[in-house]
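Colleague: Got a minute to go through this one with me? I'd like to talk about the side chains.

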Amino acid sequence: KKYVFRAPPYTAEVLRLGGFNLVSLANNHVLDYGPEGLVDTISTLEEMGIAHAGAGPNEGEARQGTMLEVNGLAVGFLAYTLPAPYWQYAAWAASTGQPGTVFYRDQEAMLADVARIREQADIVIVSMHWGNEYTHGVTAEQREVGRLLVDNGADLVLGHHPHAPQGIEFYRDKPIVYSLGNFLFYPFDMGITDETYILKARIGAEGVEELRLTPVILGDSQPFVTEGAELQRLQGVLGGLLAQFGTEYTVQGEELVIEIP
């Protein structure tokens, strides 16, 4: 692989200090340093009290997802990824006694996971590592799989992998966020990867009630909220991505607000 990633375990403290209580491990780098690296990652997260989904020491645990109790609501979270580099696909898939991740191309198994967690949860969130890198363009596969997840019980679909923000579609009144873009990342030499947003979702017993997008620039591995003309420009970029799906919004201060009927 051209890029392989690892970090000292102590850097996970950044997640804890930042208020993160749940992460997806379903991505095309989670086994860059083999099963041992994955198992170490899971152990470190658990020591930090950070829940996780999308990978595990075996297929059963990788598909288990996680449940959180939030303000009286039972929230179920699942995570899936596109295949790792094709020559490693079999080696990266979790199986009996084999650490690994889970791939969304196995749709029958994925939908069985959603049905199972749907029975336990008031709200179901699915994280999807999908799409093409370095583009605002959403693929036909993303739209097909995102809608399939909603049809089978997902209340909110959260996409990532393109390293750039993409639009938000409402299907059956459920939001499919095609790409959150980067958030905390090393600097790239392309502007599209530095422009992103923080997504805040207000969720009630019936599902997502409101979305708020705060435009941010990554800077030198440090995200920050923009101001003035730069803020207006980014609001325009994000507004254009929403308009691709007919998603209506209002601007309230620095945020783009999407109210859900």
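Modeller: Sure, let's begin with a tyrosine. Y178 is buried, with a relative accessible area of 0%; buried means under 20% relative accessible area, exposed over 50%, and partly exposed in between (1.4 Å probe, protein chains only). Keep in mind that this is a predicted model, where local features need pLDDT of at least 70 and side-chain atom pairs count only at pLDDT 80 or more, while totals for chains, interfaces and linings use all residues. Residues are numbered from 1 along each chain as its sequence is written, and side-chain values use heavy atoms, with hydrogens and water left out.

Colleague: OK. And F245, buried or exposed?

Modeller: F245 is buried, at a relative accessible area of 19%.

Colleague: How many aromatic pairs are there in the whole structure?

Modeller: A search of the whole structure gives three aromatic pairs. Rings of Phe, Tyr and Trp (its six-membered ring) pair if their centres lie within 6.5 Å; planes under 30 degrees apart count as stacked, over 60 as edge-to-face and the rest as tilted. One of the pairs is Y3 with F5: the ring centres are 6.5 Å apart and the planes at 10 degrees, so this pair is stacked.

Colleague: Are Y3 and F5 buried or exposed?

Modeller: In between. Y3 counts as partly exposed because its relative accessibility is 42%, and F5 is partly exposed too, with a relative accessible area of 34%.

Colleague: Back to Y178 and F245, then. How far apart are the centres of their rings?

Modeller: The centres are 5.3 Å apart and the planes sit at 25 degrees, so Y178 and F245 are stacked. Y178 is in the loop between β10 (174–177) and β11 (195–204), and F245 in the loop between α7 (228–243) and β14 (250–252), so the pair ties together parts that are 67 residues apart in sequence. Helices (H or I, at least four residues) and strands (E, at least two) are DSSP runs, numbered from the N terminus.

Colleague: Which cluster do Y178 and F245 belong to?

Modeller: Ring pairs link Y178 and F245 with W130 into a cluster.

Colleague: Switching to charges. Where does R6 lie?

Modeller: R6 lies over the face of Y33, 5.5 Å from the ring centre. A charge sits over a ring if NZ of Lys or CZ of Arg is within 6 Å of the ring centre and within 35 degrees of the ring normal.

Colleague: And how many salt bridges?

Modeller: The search of the whole structure turns up 18 salt bridges, a salt bridge being a side-chain nitrogen of Lys or Arg within 4 Å of a carboxyl oxygen of Asp or Glu. R105 with E141 is a salt bridge, with the closest N and O atoms 3.0 Å apart. R105 lies in the loop between β6 (100–101) and α5 (107–120) and E141 in helix α6 (residues 140–151), so they tie together parts 36 residues apart in sequence.

Colleague: What about accessibility for R105 and E141?

Modeller: R105 is partly exposed, at 47% relative accessible area, and E141 is partly exposed at 29%. E141 is also 7.8 Å from G131, C-alpha to C-alpha, with the two ten residues apart in sequence.

Colleague: Which residue does K174 meet in a salt bridge?

Modeller: D155, at 3.0 Å from N to O. K174 is in strand β10 and D155 in the loop between α6 and β8, 19 residues apart, so to speak a link between distant parts of the chain.Colleague: Are those two buried or exposed?

Modeller: Both K174 and D155 are buried.

Colleague: And R233, what is its partner?

Modeller: The side chain of R233 meets that of E195 in a salt bridge (2.8 Å, N to O). R233 lies in helix α7 and E195 in strand β11, so the pair ties together parts that are 38 residues apart in sequence. R233 is partly exposed, with a relative accessible area of 36%, whereas E195 counts as buried at 14% relative accessibility.

Colleague: Which residues are linked in a network of salt bridges?

Modeller: K200, R202, E209, E210, R212 and E255.

Colleague: Last one, a histidine. Where is H161?

Modeller: H161 is in the loop between β8 (156–160) and β9 (168–171), and is buried, with a relative accessible area of 12%. Its side chain joins that of H129 in a polar contact of 2.9 Å. A polar contact is a pair of N or O atoms within 3.5 Å; within protein, one must be able to donate a hydrogen and the other to accept it, and residues adjacent in sequence count only if both atoms are side-chain atoms.
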